[in-house]
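Let's work through a few exercises on a protein fold together. Keep the picture open while you read, and try each task before you look at the solution.

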Amino acid sequence: MTNRAIRILLIDDDDDEVVLLREMLSAIGKDDYALEQAATYAEGLAGLRSGQHDVALVDYRLGPRDGLDLMREAKKLGCQTPMIFLTGMGRHEIDLEAMGAGAVDYLAKGKVDPESLERSIRYAVERKTLEAMFVQSEKLSAMGQLAAGLAHELNNPLMLIIGTVKTLLEAEPVDPHLAEALKRIDRSSERCRELVRELLAFSRKDESPSHEFDLTEAVVAALSLVKTQAKIQGVAIENEAPHIPLKILGHKSHIEQVVINLCNNALDAMPTGGRLSIHLGRTHRKQRDFAQVKVSDTGPGIPAKLMGRIFEPFFTTKPADKGTGLGLSIIQKLVHQHGGEVEVASVEKRGTSFTVTLPLAETKRSRSTRHATQDPGR
Ligand SMILES: Nc1ncnc2c1ncn2[C@@H]1O[C@H](COP(=O)(O)OP(=O)(O)OP(=O)(O)O)[C@@H](O)[C@H]1O
Ligand SMILES: [Mg+2]
């Protein structure tokens, strides 16, 4: 569903070849591809290690060390970018060696045409996305089972601790030291309760029926819960919404949770003030209408090397008493359950934007109507 251009790293020292491939890519779709050249082995390795490209095209001839060495070294260093090997013609043993060195495909230079190039790139990118989704869903299901069991076991003793501490705090005034200690226990156990709640939300499938709600209302409700904290930190909130309803079919409380989590992350990124902007709007993709909510901050941004990990469950850069690393994985899961998508864009030292795209209710309805008319026998 992503509309951005596919970023291609072309590792090739031959400028003519770069021009040729650029022309082919333009023939396939001018705005669909962004090509960057790395003209040496070292530049190629640096590009592959940056993890910023969707796919790399690696030439065989690269001076004293060849493309096979480069792919092996990049793989050893943990490079995840899918690599397509560009070979001379008729050296099948080298093509096979390239696959052993980590290439996902190979293309014979003289024979490449726009169609085969497009197919090879698309296949490489799709395979990478599918692999990442598979790893994520395996992890999520294992985490979900663990989380469900843990949350269940922890909930009762925790409620007892919280209840008892609150009773003690409400009782006759006690020694001030003791009162202070009780307050600390109270704060920590509340934090544990929050964690258990997050774990339960993470593991439990909400069986309650979907309903239609306005995305703007969910956002307003979420903002009312974060505005006090924003004020304390000196963060100004900017909220823009169109004057048209954005009807979503699903669970309002879940979408509220999504927005709250995104705002909390933004606030965590701006401990000494800044601007939190929430923009609501509509967009049209692949013949469907979607509502969008974009949460942006003026924090330090997310380093490029961490971008691929932020949606992993339990991935956090925050201290243990501050973050559990579940926020974004919960957000992603809830948004996917609504048929939507979360995208992130970040510029270091400038800030981060998360965009949540959700199908509009009327689109869902009109689609099912169309299905019904196309296939009356169903
Ligand atoms: N707006 C943001 N600005 C900078 N970094 C961010 C932002 N949002 C997320 N991150 C990074 O992504 C990591 C994962 O975020 P996530 O919400 O999943 O967990 P968390 O905020 O660390 O903990 P939790 O949400 O469970 O309390 C964060 O630790 C942080 O490094
Ligand atoms: Mg978070």
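Before we start: domain bounds here come from an automatic or database domain assignment. This is a predicted model, where local features need pLDDT of at least 70, side-chain atom pairs count only at pLDDT 80 or more, and totals for chains, interfaces and linings use all residues. Residues are numbered from 1 along each chain as its sequence is written, while chains are lettered from A and ligands numbered from 1 in the order in which they are written.

**Exercise 1. Find the domains, then look at where domain 2 touches domain 3.**

Step 1: The assignment splits the protein chain into domain 1 (6–112), domain 2 (133–203) and domain 3 (211–367).

Step 2: Between the C-alpha centres of domain 2 and domain 3 there are 25 Å. Seven residues of domain 2 and six residues of domain 3 take part in the contact (two residues are in contact if their C-beta atoms, placed from the backbone, lie within 7 Å).

Step 3: On the domain 2 side, helix H5 (114–170) and helix H6 (176–203) each give at least two residues. H6 has the largest share, with four residues. Helices are DSSP runs of H or I with at least four residues, strands are runs of E with at least two, and both are numbered from the N terminus.

Step 4: Sort that side by class, and you get five nonpolar, no polar and two charged residues. Here Ala, Val, Leu, Ile, Met, Phe, Trp, Tyr, Cys and Pro count as nonpolar, Asp, Glu, Lys and Arg as charged, and the others, Gly among them, as polar.

**Exercise 2. Work out the strand order of the sheet that holds E1 and E2, and say which strands stand at the edges.**

Step 1: Strands of a sheet pair through backbone hydrogen bonds, either parallel or antiparallel. Two strands pair if DSSP finds at least two bridges between them.

Step 2: This open sheet has five strands in the order E2-E1-E3-E4-E5, with parallel pairing. E2 and strand E5 (103–108) are at the edges with a single partner strand each, so one side of each has no neighbour in the sheet.

Step 3: Check some pairs. Strand E1 (residues 6–11) and strand E2 (residues 33–38) are joined by six bridges, and Ile 8 has Leu 35 in E2 as its bridge partner. Strand E4 (residues 83–87) is linked to E5 by five bridges, with Thr 87 partnered by Ala 108 in E5.

Step 4: Now add a helix. E1, helix H1 (residues 15–28) and E2 form a right-handed β-α-β unit; right-handed means that, with the strands pointing away from the viewer, the path from the first strand over the helix to the second runs clockwise.

**Exercise 3. Describe strand E12 and its partners: is E12 mostly covered or mostly open?**

Step 1: E12 belongs to an open sheet of five strands with mixed pairing, ordered E7-E9-E10-E12-E11. Strand E7 (235–240) and E11 are its edge strands, each pairing on one side only.

Step 2: Eight antiparallel bridges tie strand E10 (residues 288–297) to E12. Phe 290 is partnered by Pro 359 in E12, and Ala 291 stands opposite Leu 358.

Step 3: On E12's pairing with strand E11 (residues 341–347), count seven antiparallel bridges, one of them between Ser 346 and Thr 352. Three residues lie between the strands of this hairpin, where Lys 349 takes a positive phi near 70°.

Step 4: E12 (residues 351–359) is mostly covered, with seven of its nine residues buried. A residue is buried if 20 or more other C-beta atoms lie within 10 Å of its own, exposed if 12 or fewer, and partly exposed in between, with C-beta atoms placed from the backbone.
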